[in-house]
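Reader: I would like to take a close look at one enclosed space inside this model, and then to see how it sits within the chain as a whole. Please keep the account connected and careful.

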Amino acid sequence: MSRPLRLGALSAALLLTALAAGCGGGGGRPDTSAHQKPHWAGCPAPSSSQDAAATKAPGGEWECATLHVPLDYRKPHGKTIGIAMIRAKATDRRHRIGSLIFNFGGPGGSGVATLPALAGSYKQLRTRYDLVSFDPRGVGRSSGVRCLGDRQLDAYYAADSTPDDNAEVKSLVRRVKTYATGCEKNSGTILPYVGTTNAARDMDLMRRVLGDKKMHYFGVSYGTELGGVYAHLYPKQVGRALFDGVVDPMQTPEQGALGQAKGFQRALDDYLKACTRTSVHSCPTQNRIRTLLKRLDGRPVRGYGGRKLTESLADGGIAQSLYSREYWQYLTQGIAAAQQGDGRILLALGDAMNGRGPDGRYSTLQSALTAITCADFKQRYTLKDIERKLPTFRKVSPVFGDMMAWGLTQCTDWPVHGAWTTPDVSAKGAAPILVVGNTGDPATPYEGAARMAKELGPGVGVQLTYKGEGHGAYDSGNACVRKTVNAYLLQGTVPPKGKVCA
């Protein structure tokens, strides 16, 4: 996924997380050099911090280890943290190319939990690559950011995120400030160091420790931004790199949120059109969706576990359903059920968006997303800024505009200053990078792919277009996309500029 719709003393919780990741051990300072030898062993089941819904350990083909890195790269001999890694070795060792490092986005997604779950899609790539992923700093078992307790988060996500009057605005401001204060209290030591630049440095150290001369990379959603920053910092180290579901590197948080409002609205419109072509009588309309959300604002309906479906949770659930065409059937069912007073389906979708598991525990997904976003971007939006921009947001998306605009408050009271206005992804001298844009992508609108390709520089960014729906292209199952990407990653065949897959 993309940015939401984008410790003082070491706390006990963070200490336990560090120990679980193997960060503490031994009594001496861990080796953070490229000569360190990670201890690869069998993988445990994902923790609730990594994936709130996962319960099973990956199979025996997977092994896990910890990469030790400096907390602050300006102080290479100072404090350290552990980066949780996972890998499955290439099946054809004779023709092995190297490691293919995955980042699935967020920012805040756990690669250690995600890669085994999606590995069936990458069987062909695994013939010649070790498949590798990791929990970036601030995520999951890599000193994952924690802000509030699970019950507090239940209340936080259920509360009104699209205020209609001054009292509701003040309530929103108080909640956002409480959230930021909780992050500082519980994860203050890691917050200044979770930004994308440090994550890119971690990846280069990972590359060297894994023994690879070049960085072979598969980045999805925010992972494309991380890949772009890596390419800017280490252009000569870029090997074969794929950017799929591309973040526009030229957009500020405001522009990114407005772009997402347009993207989700476009995806919703596509869903509504497709639905009426197949099942007219059960399909919602945009007006019915807006009416439902307005009704939920004042009268939430029953969900499950004693919880109710509120407007905010429904808004998030609708957005979650647009990430993949496979979810569209659940959106149809969920809206129809909510109109009849049953909010269970939309609540389940909203919980997935927020990283809540069936047991009521939350992963670090959304807290890390906020922490990384606010560590990266300098912009801090005031209430006056947002109120002035609301008409524009509402114009581009009657359903998602308010949610996206008010989401800009996430960094307003953040305790850490941001690093940039927009990231620099220029990568002069890098090998060609394949940039794939999906015309129906709600979370990372298609236009961002062309901008990323341009900013990477002449001869570096090579764009491939997929005329489809959902977030990203490779995992859509489109045969043309798969064939083109596999030829690039496995044989080094760069497709012609402007190639289109439908």
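How much space lies in the second largest cavity?

Author: The model is a predicted one, and in it the second largest cavity holds about 70 Å³ of space. Its lining is made up of 13 residues, and those nearest the centre of the cavity are Arg146, Leu153, Tyr179, Ser363 and Ser367. Two elements, α4 (residues 150-158) and α13 (residues 365-376), each give two or more residues to this lining.

Helix α4 leads on to a backbone feature, since the loop between β5 (129-134) and α4 holds Ser143. Although Ser143 is not a glycine, it has a positive phi of about 55°. Ser143 counts as buried because its relative accessible area is 5%, under the cut-off of 20%. A second serine can be described in the same terms: Ser221, which is not a glycine either, has a positive phi of about 60°, and it is found in the loop between β6 (215-220) and α7 (222-233). With a relative accessibility of 0%, Ser221 is also classed as buried. These values are worth noting because most residues other than glycine have a negative phi, and most peptide bonds are trans.

The peptide bond from Gly106 to Pro107 is cis, with omega near -5°, and Pro107 belongs to the loop that runs between β4 (98-103) and α2 (111-118). Trp62, for its part, is placed in strand β2, which covers residues 62-70, and it is buried, its relative accessible area being 5%. The C-alpha atom of Trp62 is separated by 32 Å from that of Leu464, a residue 402 positions away along the chain.

Around these details stands a chain with 17 helices and 12 strands, in which 59% of the 502 residues are buried. The radius of gyration of the chain is 22 Å, which agrees with the value near 23 Å that a compact globule of 502 residues would have. Along the principal axes, the C-alpha atoms fill a box of roughly 60 × 55 × 40 Å. The accessible surface comes to about 20,800 Å², and carbon and sulfur atoms account for 52% of that area. As for charge, the chain carries 63 positive and 42 negative side chains, and the centres of these two sets lie 4 Å apart.

Notes:
Residues are numbered from 1 along each chain as its sequence is written. This is a predicted model: local features need pLDDT of at least 70, side-chain atom pairs count only at pLDDT 80 or more; totals for chains, interfaces and linings use all residues. Side-chain values use heavy atoms; hydrogens and water are left out. Helices (H or I, at least four residues) and strands (E, at least two) are DSSP runs, numbered from the N terminus. The radius of gyration is taken over C-alpha atoms; the globule rule is 2.2 Å times the number of residues to the power 0.38. Buried means under 20% relative accessible area, exposed over 50%, partly exposed in between (1.4 Å probe, protein chains only). Accessible areas come from the Shrake-Rupley method with a 1.4 Å probe; for residues, only the protein chains shown count as cover. Lys and Arg count as positive and Asp and Glu as negative; His and the chain ends are not counted. The place of a charge is taken as NZ of Lys, CZ of Arg, CG of Asp or CD of Glu. On a 1 Å grid over the protein atoms alone, a cavity is a set of points where a 1.4 Å probe fits but cannot get out, and a pocket is an open set with protein on both sides within 12 Å along at least five of seven lines; lining residues have an atom within 4 Å of a point. Grid points are joined across faces, edges and corners, and a volume is the space filled by probe spheres set on the points.
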